[in-house]
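Q: Please take a close look at one part of this chain, the place where two neighbouring strands meet. Then work outward to the helices and loops.

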Amino acid sequence: MHRLVSISILFTGLVFFNSYAQNTSSTRDSINQYTQIDFLEMKKTLEIQQENRPGPSGNPNDANAANFDENQVRDYTLPQLTTTQSGMPVNSVADWENRKRPQLIAAFEQEMYGALPDEIPAVSWTIKSEKDTVIGGMPIIEQHLVATVDNTIYPELSVSIEALLGIPKTENDSGIPVVVQFGFLNSPFGKIEEPRSYFISPYEPRFKEQLAHQGWGYAILDVSSIQADHGAGLTSGIIGLVNQGKHRSPGQWGALRAWAWGASTLLDYFETRTDIDAGRVAVEGTSRYGKAALVAMAFDTRFTLGFIGSSGAGGASLLRRNFGEMLENLASPAEYHWFAGNFLKYASIQTVDDLPVDAHQLIALCAPRPVFISAGSAKIEGQWVDAKGMFEATVEAAPVYELYNLQGLGTTNFPFMGTALTSGELAFRQHGGGHSTGPNWSTWIAWARKYWD
Ligand code: GCU
């Protein structure tokens with residue numbers, strides 16, 4: 001009896017979290033509580049009794065502060081990029097595409113980001129509303145897109161994915177390129193507004209304006225409409241729907257992969273529209289959304305350009321480099337939901353050195369498609385994201401681009417802030433602003449024009 005009551009309370013709670021959470025402290029407490037339940041459930045499934053090692057603090061004044069000192073960076077060995085699991089050298093595009101790439105995809109899926117389910121319910125996108133607007137002097141049509149996910153397998157949960165699409169009105173009738181931004185719409189009550197200012201830089205014209213001036217479109221994908229950004233939400237959203245409300249098994253997708261899948265369904269829809277050139281769709285995002293953008297680029301080869309902002313640990317920065325955020329932070333109850341359950345092993349019974357993959361390999365999975373790794377200034381953004389770790393991962397990814405006769409960054413020396421390393425298909429720039437891609441948009445666009453002109 002007692003058990004039944006608690007299951008039904010749990011169920012009601014989880015359905016509640018499927019809707020937009022109000023930012024009240026009691027909601028936060030409940031989210032933390034259900035997150036803890038899911039986290040411990042996963043550890044039980046993995047049969048891990050050991051406590052997770054705590055990650056370091058981002059506050060340099062704390063006793064357990066993360067390392068922010070280059071001199072304290074340890075020696076580490078990265079997993080091989082150009083040797084297969086059986087020790088065969090990867091000397092050609094065929095070796096890479098037929099042997100090594102599939103091995104890496106499997107390892108990233110199994111141990112880090114999780115695999116897509118074999119069957120995902122059908123998604124149907126519709127234009128819920130549209131309006132004419134003017135952005136930076138350019139006439140634009142903005143459409144509020146909503147995708148309904150078929151929930152016949154589990155009607156208790158429903159998932160509707162939202163996006164805001166902006167299409168400049170141009171003479172171009174062959175379809176325009178679109179940049180998909182992982183982000184959020186301020187739309188808990190169905191009202192579409194400008195995205196919140198968190199990731200928007202005051203330093204440059206807004207990205208919408210800059211894209212519109214190129215005749216390019218933008219789509220802001222509301223990631224939390226796909227999958228909530230906390231462990232409590234793992235039994236709802238698209239992950240919960242596919243699992244029919246049950247907890248995940250250890251190899252299943254985490255939120256980053258689910259968000260990336262959401263972008264892929266948007267691209268499926270773009271393929272059906274004649275006003276969009278689905279062969280020229282890029283992904284962009286900052287921070288956790290930068291991680292999601294990189295995951296989308298790595299796994300879905302239809303995305304042709306990437307703009308990966310301040311993605312840090314779990315994104316473009318090398319996890320083995322002990323600087324700023326560490327694997328133990330990612331595998332904590334605050335962030336483990338971004339990953340597959342198996343990832344928890346590496347912060348408890350194993351260590352980062354046992355992880356079969358690292359960020360240079362994730363970047364290499366984007367090859368031959370061009371990808372731009374962006375960071376903010378260490379002084380303003382802070383060093384948690386480890387700009388140098390992202391630079392080094394990009395350097396290490398170059399050998400795969402070179403197999404395609406494409407170019408990496410052209411240097412192995414960490415550049416001065418503001419230097420645009422944009423001559424190759426791997427690009428890097430640390431701008432002078434904060435935790436945003438904002439001040440890098442014009443540099444990104446100038447680089448992207450090489451491919452989209
Ligand atoms: C935290 C987290 C980062 C993440 C960031 C964000 O700082 O540790 O990994 O990128 O939040 O998304 O804002």
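A: A strand here is a DSSP run of E with at least two residues, and strands are numbered from the N terminus. By that rule, Ser129 sits in strand β1, which covers residues 123-135. The model is predicted.

Start with Ser129. Its relative accessibility is 38%. Buried means under 20% and exposed means over 50%, so Ser129 is classed as partly exposed. Setting aside residues within four places in sequence, Ser129 contacts Glu142, Gln143 and His144. Leu403 is 274 residues away from Ser129 along the chain, and their C-alpha atoms are 46 Å apart.

Now take Gln143, one of those contacts of Ser129. Gln143 belongs to strand β2, residues 138-149. Its relative accessible area is 6%. That is under 20%, so Gln143 is buried. The side chain of Gln143 has a polar partner: the side chain of Glu130, at 2.7 Å. Beyond four places in sequence, Gln143 touches Ile127, Ser129 and Glu130. Ala163, Leu164, Leu165 and Arg273 are also among the residues that Gln143 touches.

Next, the helices. Helix α6 runs over residues 255-270, 16 residues in total. From first C-alpha to last, α6 reaches 23 Å. That is close to the 22 Å expected at 1.5 Å a residue. Of its 16 residues, 15 are buried, so α6 is largely enclosed by the rest of the structure.

One partner of α6 is helix α7, residues 288-299. The two axes come within 8 Å and cross at roughly 65 degrees. The crossing is right-handed. On the α6 side, the contact uses Leu256, Arg257, Trp259 and Ala260. On the α7 side, it uses Arg288, Tyr289, Lys291, Ala292, Val295, Ala296 and Phe299. By class, that contact holds eight nonpolar residues, three charged and no polar ones.

Helix α7 also meets helix α3, residues 93-113. Here the axes come within 12 Å and cross at roughly 145 degrees. This crossing is left-handed. Helix α3 supplies Arg101, Ile105, Phe108, Glu109 and Tyr113, while α7 supplies Val295, Ala298 and Phe299. The classes are six nonpolar, two charged and no polar. Val295 and Phe299 of α7 appear in the contact with α6, and they appear in the contact with α3 as well.

Two loop residues finish the tour. Gln49 lies in the loop between α2 (25-45) and α3. Its relative accessible area is 76%. That is over 50%, so Gln49 is exposed. Ser348 is 299 residues from Gln49 along the chain, yet their C-alpha atoms are separated by 8.8 Å.

Pro368 is in the loop between α9 (359-364) and β8 (371-375). With a relative accessible area of 33%, Pro368 is partly exposed. Tyr401 is 33 residues from Pro368 in sequence, with 5.8 Å between their C-alpha atoms. Past four places in sequence, Pro368 contacts Tyr401, Tyr404, Leu406 and Glu425.

Terms used. Residues are numbered from 1 along each chain as its sequence is written. This is a predicted model: local features need pLDDT of at least 70, side-chain atom pairs count only at pLDDT 80 or more; totals for chains, interfaces and linings use all residues. Side-chain values use heavy atoms; hydrogens and water are left out. Helices (H or I, at least four residues) and strands (E, at least two) are DSSP runs, numbered from the N terminus. The expected span of a helix is 1.5 Å times one less than its number of residues. Buried means under 20% relative accessible area, exposed over 50%, partly exposed in between (1.4 Å probe, protein chains only). Axes are lines fitted to C-alpha atoms, for helices over the stretch in contact, and angles run from 0 to 180 degrees between N-to-C directions. A crossing is left-handed if the near helix is turned anticlockwise from the far one by less than a right angle, and right-handed if clockwise. Contact means heavy atoms within 4.5 Å. Ala, Val, Leu, Ile, Met, Phe, Trp, Tyr, Cys and Pro count as nonpolar, Asp, Glu, Lys and Arg as charged, and the others, Gly among them, as polar. A polar contact is a pair of N or O atoms within 3.5 Å; within protein, one must be able to donate a hydrogen and the other to accept it, and residues adjacent in sequence count only if both atoms are side-chain atoms.
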